[in-house]
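This briefing is meant to be read beside the sequence and the structure. Please keep both in view while going through the topics below.

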Amino acid sequence: MKKITNVFWIALALVVLAVGFGVVAPTSFETVIGKLQSFITTNFGWYYLSVVSIMVVFVLIIIVSPFGKIRLGKDKDRPEYSRLTWFSMLFSAGMGIGLVFWGAAEPLSHYAISPATADPGTREAFRESMRYTFFHWGLHAWAIYAIVALSLAYFQFRKGEPGLISATLKPIFGDKMNGPWGVLVDVFAVFATVVGVATTLGFGAIQINGGLSYIFGIPNEYWVKVVIIAIVTVLFLISASTGLSKGIKYLSNTNMVLAVTLLVLVVILGPTVLIFNMFTDSLGTYIQGIVRMSLSAAPLDVGNREWINGWTIFYWAWWISWSPFVGIFIARVSKGRTIREFLIGVLLVPSIISFFWFAAFGTTAINIQDKVTDLTGLKTEETLFAVFNELPFSMVLSVIAVILISTFFITSADSATFVLGMQTTKGSLNPSTMIKVIWGVAQSSIAIILLSADGLSALQSLLIVAAFPFSFIMVLMMFSLYKSLSDEAKKMKITKS
């Protein structure tokens with residue numbers, strides 16, 4: 001407890017103030033944050049589209065550059081975890097519950113409810129739905145994570161800096177990052193992490209409750225969600241107390257086994273040939289149209305621009321707001337890997353897995369929508385279970401899905417308590433159990449309060465607002481990283497990739 005810094009107290013105070021405002025005056029809170037979100041997405045949508053596209057190009061250049069040879073650690077360091085375990089951990093922290101929540105719902109929405117440009121229910125809408133879903137969950141999302149994670153891992157393990165966001169900016173600002181400016185950067189990272197994870201805990205509880213309600217008829221009510229959060233809190237605090245090498249490692253591997261099992265069953269029980277055809281075709285159209293989609297601001301099409309604001313720009317801001325948490329965690333488990341191996345593992349592999357996941361679940365949902373029953377009137381958290389209800393062994397699929405959501409839920413919360421512990425103890429690689437417990441209880445309490453006040457939608461908007469200034473920090477991180485890598489490459493006389 002002696003290692004707790006000012007970052008801890010300032011960030012905790014900000015969280016309490018924000019949540020208190022949301023509870024005491026929820027209408028005013030939602031109005032203010034909603035107006036800020038609308039202002040940013042309307043006036044700075046072009047900025048989000050441009051800066052995230054630049055991030056993708058930056059990461060791809062680093063992969064093929066001579067910098068790829070540099071190791072994230074000393075030259076003799078080697079990875080602490082096997083590639084399979086490493087991938088499982090970064091995937092669970094990076095996407096996890098989102099894939100289950102949106103796997104069937106997003107492609108279905110783009111097809112039958114609100115397509116980007118096509119007419120609902122048409123073949124073009126089908127193709128467009130998969131292409132844009134790939135776009136939202138592919139290279140752009142993981143490039144955002146990769147920049148934060150690579151910067152942290154490089155400066156922490158190669159340069160011996162503390163594992164703090166502020167430390168990655170020292171090549172530009174020098175010792176100023178050891179003072180108030182550094183505290184400000186780290187407070188912002190902690191605040192974004194707490195708000196983001198609390199929101200996800202709330203959505204996780206909603207999804208689990210929705211699944212249990214659809215399968216077993218359990219009431220879909222507030223008190224059930226509180227019980228779910230309480231149970232999950234106890235489980236992830238037990239996991240957090242065991243450390244990275246046990247709790248998160250074992251849970252992450254369990255996640256991957258369950259996810260692969262569910263994916264294989266859906267492919268076999270769903271429209272198998274159509275799934276493979278849509279995956280192949282959508283991958284091709286995604287690659288073909290990635291530049292156009294990346295920079296599409298639709299300045300002369302009001303309807304399409306509203307769709308881009310509601311989906312693409314929302315996603316870019318969402319990934320940016322989550323990047324401190326996910327980036328710090330990925331960096332922590334990536335010591336010893338070369339930059340090239342790290343970026344390929346973080347950028348390309350998760351993207352391909354996500355593509356196939358959405359091809360399987362999205363194609364199955366759309367096929368059922370066309371040939372069996374209308375799914376568009378369901379709540380988002382019920383869509384997946386409604387899809388399973390139309391497949392053989394529906395109960396087995398639904399039970400696996402609920403367990404998978406729960407384990408992803410636990411892993412994300414467990415990872416977040418670890419990251420928050422790091423950020424509030426000067427970048428300690430092994431924060432004390434007590435500090436992790438404090439942040440774990442704080443996150444769960446915030447989620448429960450927000451669910452009671454119906455403040456989750458406002459908190460989502462708050463994440464969008466928070467992502468805007470952090471995006472500038474990420475731009476500075478790219479400059480700082482490139483400057484430091486260039487200096488090291490010259491010293492090492494690295495000239496060939």
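T417 has its place in helix α17, which covers residues 394-423. With a relative accessibility of 0%, T417 counts as buried, because burial is taken to mean a value under 20%. Its C-alpha atom is separated by 8.6 Å from that of L237, a residue 180 positions away along the chain. These values, like the others in this briefing, come from a predicted model.

**Overall form**

- The secondary structure of the protein chain consists of 19 helices, and the number of strands is 0.
- The radius of gyration of the protein chain is 22 Å, which agrees with the value near 23 Å that a compact globule of 497 residues would have.
- Along the principal axes, the C-alpha trace of the protein chain spans about 65 × 50 × 45 Å.
- Among contacts in the protein chain with a separation of 6 or more, 82% are accounted for by residues that lie 24 or more positions apart.

**Burial and surface**

- Of the 497 residues in the protein chain, 62% count as buried.
- The protein chain exposes about 19,100 Å², and 66% of this area is supplied by carbon and sulfur atoms.
- Helix α16, which runs over residues 380-389, has 8 of its 10 residues buried, so this helix is largely enclosed by the rest of the structure.
- The buried residues of α16 are E381, E382, T383, L384, F385, A386, V387 and F388.

**Charges and salt bridges**

- The protein chain holds 34 positive and 25 negative charges, and the mean positions of these two sets are 16 Å apart.
- Side chains of opposite charge can pair when their charged atoms come close.
- The count of salt bridges comes to 9, and one of them joins the side chains of E488 and R158, with a distance of 2.7 Å from N to O.
- Because E488 lies in helix α19 (residues 456-492) while R158 lies in helix α8 (residues 139-158), this pair ties together parts that are 330 residues apart in sequence.
- Both E488 and R158 are buried, and for E488 the relative accessible area is 8%.
- E488 also forms a salt bridge with K159, in which the closest N and O atoms are 3.3 Å apart.
- In this second pair, E488 belongs to helix α19 and K159 to the loop between α8 and α9, so the salt bridge ties together parts that are 329 residues apart in sequence.
- Is K159 buried, exposed or partly exposed? K159 is partly exposed, with a relative accessible area of 38%.
- Through salt bridges that share partners, D75, R158, K159 and E488 are joined into one network.
- Another salt bridge is formed where the side chains of E341 and R337 meet, at 2.9 Å from N to O.
- R337 is buried, with a relative accessible area of 2%.

**The surroundings of S109**

- S109 has its place in helix α6, which covers residues 105-113.
- At 11% relative accessibility, S109 counts as buried, because this value falls under 20%.
- When residues up to four places away in sequence are not counted, S109 touches S114, P115 and W311.

**Positive phi angles in loops**

- Most residues other than glycine have a negative phi, and most peptide bonds are trans.
- A298, although it is not a glycine, has a positive phi of about 45 degrees.
- A298 is found in the loop between α13 (272-294) and α14 (302-332), and A298 is buried, with a relative accessible area of 12%.
- F393 is likewise a residue other than glycine with a positive phi, in this case near 55 degrees.
- The place of F393 is in the loop between α16 and α17.
- Is F393 buried or exposed? F393 counts as exposed, because its relative accessibility is 61% and exposure is taken to mean a value over 50%.

Terms used: Residues numbered from 1 in each chain as written. Predicted model: local features only at pLDDT ≥ 70, side-chain atom pairs only at ≥ 80, totals over all residues. Heavy atoms only, no water. Helix = DSSP H or I, 4+ residues; strand = E, 2+ residues; numbered from the N terminus. Rg over C-alpha atoms; globule rule 2.2 N^0.38 Å. Buried < 20%, exposed > 50% of the residue type's maximum accessible area, 1.4 Å probe, protein only. Contact = heavy atoms within 4.5 Å. Areas by Shrake-Rupley, 256 points an atom, 1.4 Å probe, with all protein chains shown as cover. Lys, Arg positive; Asp, Glu negative; His and termini not counted. Charge placed at Lys NZ, Arg CZ, Asp CG, Glu CD. Salt bridge = Lys/Arg side-chain N within 4 Å of Asp/Glu carboxyl O.
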